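Trainee: I would like a close look at a single part of this structure, followed outwards into its surroundings. Please give me one connected account, with the cut-offs behind each term.

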Amino acid sequence: MKKIVLGLAAGAVALALAAVSDRGLPSALAAAPAAAGQPVRGGQLVVALRAEPVQLNPLVDQGSGAHSVRPVVDSLVWDNGDGSYDPWLAERWDVSADASRYVFYLRRGVKFHDGTPFNAEAVKANFDYVANPANKSTGSTAKLKPTARVIDEYTLEVKLAAPESSFLTLIAAPYFGILSKAQIENDPKSLATKLIGTGPFKFDKWVKGQSLTYVRNDDYNWAPPKFHRGAAYVDSIKYVFLPEDQTRYNALLTGEAQVVDYIPPEHAKAVKASRDYQSSEFLLPGVGYSLHLNTRRPPFDQKEVRQALLQGLDRQGIVASATFGAYPVQEYLATTTPDFDKNLKNRIVYNPQRAAALLDAAGWTTRDAQGYRTKNGQRLSTAVPYADDDQLAQRTLEQVQIDARKLGLEIVLQPVTDLPQRLYNGNYGILGSFQSEATGMQLWRLYGGDNVSDGTTVGSNASFLRIPELDAVLAKARAAGQSADRAKYYAQAQEILPAYAPSVPLYSRARLVAIQKNVHGVSWDKAWPQPYLFDAWIGK
């Protein structure tokens, strides 16, 4: 078997891990204490999640679904989080010098939960699915427009429309977990409500609004090398959906849940200090929670207004208040992201006087009776939708609203139930979102001109702004064969973005997970950072 180091510069990885260490954030969840003894089988592991997926198909939804489908789907490779990868469904792989062609040599003897064989044809069906525009996949893999070709029964070639050295990290994430070819081709509608994978657990039932349950796959014997051989230890995993922060925290206190994901920031300090629970925190890489400004609508079609909001919001104060000091303010990339520029010169500086001057220069010079700026009789106003069950987003946006009013900008808050759809129909003035992925290519995904939705393709550039200068640098970064060159180009991209202000970055999320003391073996899946439960077992 062959480990391949690709895509993450050694220096960038060292920086990312150092940033984690500086915040006291271990790269894996706490290991089982020595006194725990040997793992025991049996029992149901109850995990409290913040969000229920809109639908389960990970090949379509690179959102909440990716946090609850990992037990049922395996990936081709396992991302170690340090620039190296271990075999999983692929035993080994070859990569072309320009990172545009990948050949995977697949594991034999694997079956899907429906009894059909795992082979090159099955993997090709997954690549074909995400590459088909009709399926409107939001995943990073789809953005690369992969073309898959079967070489033989267990060998597959994948060519990308453009080079991408982060490709192995992208396909290691659960949103490219491999699904049954028979289900994809014969019953694609069922992908939304039931998944058939090769994972250590099988789909059991989904009680909408309450829970999602998986049962052990007793035939499983192909975990990545660092995990135990054979089937999982627990009989089943039950995800319970508790979007209300206090309710989710109470599930920890009462023991209703054995693992509680996304401990609310207001309780972070107490949980980390408690001896009653195990806990671990991971500062999520990628592009953190940011306010994306819709340049297709006034007032953010004016660059001066975008720059005014970027410089006129007290980001430190907003983040400290909304997150109770638990999350750090970020620039356009989180500090734990490979290729984050630690020597960034064009940092975002709070300057309300400069913001006011920019608004004056844009013509918003008069004020109405409520104190909001006006131009030609029109109020300087915009709307921001947010998920109606997201307390953190609400707190954050309320603080943003207060600061914006000081500048003379009215921000109308709109609690909604269709937030994911808003990106594609453009029905917003500001869209708050975050994208956690351990690659610098997130700058391309969220700010690249070729990631703008145009009615025929699904893009993730929520500002709808095309910046030729930025596009040229991002293209060089993604095609760079040497890690130093890639880091140099991504650093240039980070210097360019504040001048155009397509968004206002606020904070990186520190994902805090709490575990009851009798639960052992929980680890991290680092490709799309989340708890990984295959090794988990329940002691007395």
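Mentor: Helices (H or I, at least four residues) and strands (E, at least two) are DSSP runs, numbered from the N terminus. The model is a predicted one, in which local features need pLDDT of at least 70 and side-chain atom pairs count only at pLDDT 80 or more, whereas totals for chains, interfaces and linings use all residues. Residues are numbered from 1 along each chain as its sequence is written, and side-chain values use heavy atoms, with hydrogens and water left out.

The part I choose is the interface between the domains. The chain is divided into domain 1 (44–283 + 512–538) and domain 2 (287–508), with bounds that come from an automatic or database domain assignment. Their C-alpha centres lie 29 Å apart, and the contact (heavy atoms within 4.5 Å) takes 28 residues from domain 1 and 30 residues from domain 2. About 2,400 Å² is buried between domain 1 and domain 2, with carbon and sulfur atoms giving 53% of that area; buried area here is the accessible area (1.4 Å probe) that two parts lose on being put together, summed over both. On the side of domain 1, the residues that lose the most area to domain 2 are K143, P265 and L283, which together make up 28% of what that side buries.

As for polar links, the rule finds two salt bridges across the interface of domain 1 and domain 2, a salt bridge being a side-chain nitrogen of Lys or Arg within 4 Å of a carboxyl oxygen of Asp or Glu. It also finds three residue pairs in polar contact there, both residues at pLDDT 80 or more; a polar contact is a pair of N or O atoms within 3.5 Å, where within protein one must be able to donate a hydrogen and the other to accept it, and residues adjacent in sequence count only if both atoms are side-chain atoms. Helix 3 (140–143) and helix 4 (167–172) each supply at least two residues of the side of domain 1 that touches domain 2. By class, that side of domain 1 has 13 nonpolar, seven polar and eight charged residues, where Ala, Val, Leu, Ile, Met, Phe, Trp, Tyr, Cys and Pro count as nonpolar, Asp, Glu, Lys and Arg as charged, and the others, Gly among them, as polar.

Moving outwards, there is an open sheet of seven strands in the order 9-10-11-2-12-22-13, with mixed pairing, where two strands pair if DSSP finds at least two bridges between them. Strand 9 and strand 13 (277–283) stand at its edges with a single partner strand each, so one side of each is left without a neighbour in the sheet. Strand 9 (residues 201–207) pairs with strand 10 (residues 211–216) in the antiparallel sense over six bridges, and W206 stands opposite L212 in strand 10. Their hairpin has three residues between the strands, and in it G209 takes a positive phi near 85 degrees. Strand 10 in turn runs antiparallel to strand 11 (residues 236–241), joined by five bridges, with V215 opposite S236 in strand 11.

Lastly, a backbone detail: the peptide bond from P298 to P299 is cis, with omega near 5 degrees, and P299 lies in the loop between strand 14 (287–293) and helix 8 (303–312).
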